[in-house]
Amino acid sequence: MKVPVLMGPYEFWDLASGEKRRIKVSGWEAGDVTIQPRDGIQLAPKVVPALRLHLWPGFKATVPNYWDITSQLLIATLKPMLQAGKLADKTLEITKIGMAPRARFTLAVVP
């Protein structure tokens, strides 16, 4: 099965270690994006899986009103919950711990 390509513009999810972001997802898409790694090891662009989270109004101050997530750990956490409809009408607080490539995330449902 061919994986769709997410069309730009891209709004890549990027947090500093310890930074938190609250979101409420109104819809989502999965697909591939082309990124330019910043690790200094790989210089050529590469295609990676991504998860585009469309947000309810008021959860992002700028347009476009979505985030493109490329962290495979965060995608693996969120995608099954999205597929099962478990995040409908929930506000999430996601915290990044550490820096790529070893970054991890916490996920909490907030009132």
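These are my notebook entries on a sheet, the helix packed on it, one loop residue and a nonpolar core, all looked up in a predicted model.

**Entry 1, the sheet.** I began with the strand order and found an open sheet of five strands, arranged E3-E2-E1-E4-E5 with antiparallel pairing. At the edges I noted strand E3, residues 66-69, and strand E5, residues 104-110, each of which pairs on one side only. From one strand to the next, the twist averages 35 degrees. As a reminder to myself, strands of a sheet pair through backbone hydrogen bonds, either parallel or antiparallel.

**Entry 2, the E3 side.** I then looked up how E3 is held to its neighbour: strand E2, residues 46-55, pairs with E3 in the antiparallel sense over four bridges. Within this stretch I located arginine 52, which stands opposite aspartate 68 in E3.

**Entry 3, the helix.** Which strands does helix H1 touch? I found that H1, residues 72-83, packs on the sheet and touches strand E1 (20-35), E2, E3, strand E4 (91-97) and E5, while its direction makes about 45 degrees with that of E2.

**Entry 4, the E5 side.** Turning to the other edge, I noted that E4 and E5 run antiparallel and are joined by seven bridges. Threonine 95 stands opposite threonine 106 in E5. The hairpin of E4 and E5 has six residues between the strands, and in this hairpin glycine 98 takes a positive phi near 90 degrees.

**Entry 5, lysine 90.** I looked for this residue and placed it in the loop between H1 and E4. Is lysine 90 buried, exposed or partly exposed? Its relative accessible area is 34%, and because this value lies between the 20% limit for buried and the 50% limit for exposed, lysine 90 counts as partly exposed. Leaving aside neighbours within four places in sequence, I listed Ile23, Lys24, Val25 and Val109 as its contacts. I also noted that lysine 90 and valine 110, although 20 residues apart in sequence, are 7.5 Å apart in space, C-alpha to C-alpha.

**Entry 6, the core.** Last, I looked up the largest nonpolar core, which has 16 residues, and the members that touch the most others are Trp13, Ile23, Leu51, Leu53, Ile69, Leu78 and Leu82. Two or more residues come from each of E1, E2, E3, H1 and E4, and the largest share, four residues, comes from H1. I followed leucine 78 further and, again leaving aside neighbours within four places in sequence, found it in contact with Leu51, Leu53, Ile69, Leu87, Leu92, Ile94 and Leu107.

Conventions:
Residues numbered from 1 in each chain as written. Predicted model: local features only at pLDDT ≥ 70, side-chain atom pairs only at ≥ 80, totals over all residues. Heavy atoms only, no water. Pairing = 2+ DSSP bridges. Axes fitted to C-alpha atoms, helices over the stretch in contact; angles between N-to-C directions. Contact = heavy atoms within 4.5 Å. Buried < 20%, exposed > 50% of the residue type's maximum accessible area, 1.4 Å probe, protein only. Core = buried A, V, L, I, M, F, W, Y, C linked by side-chain atoms within 4.5 Å.
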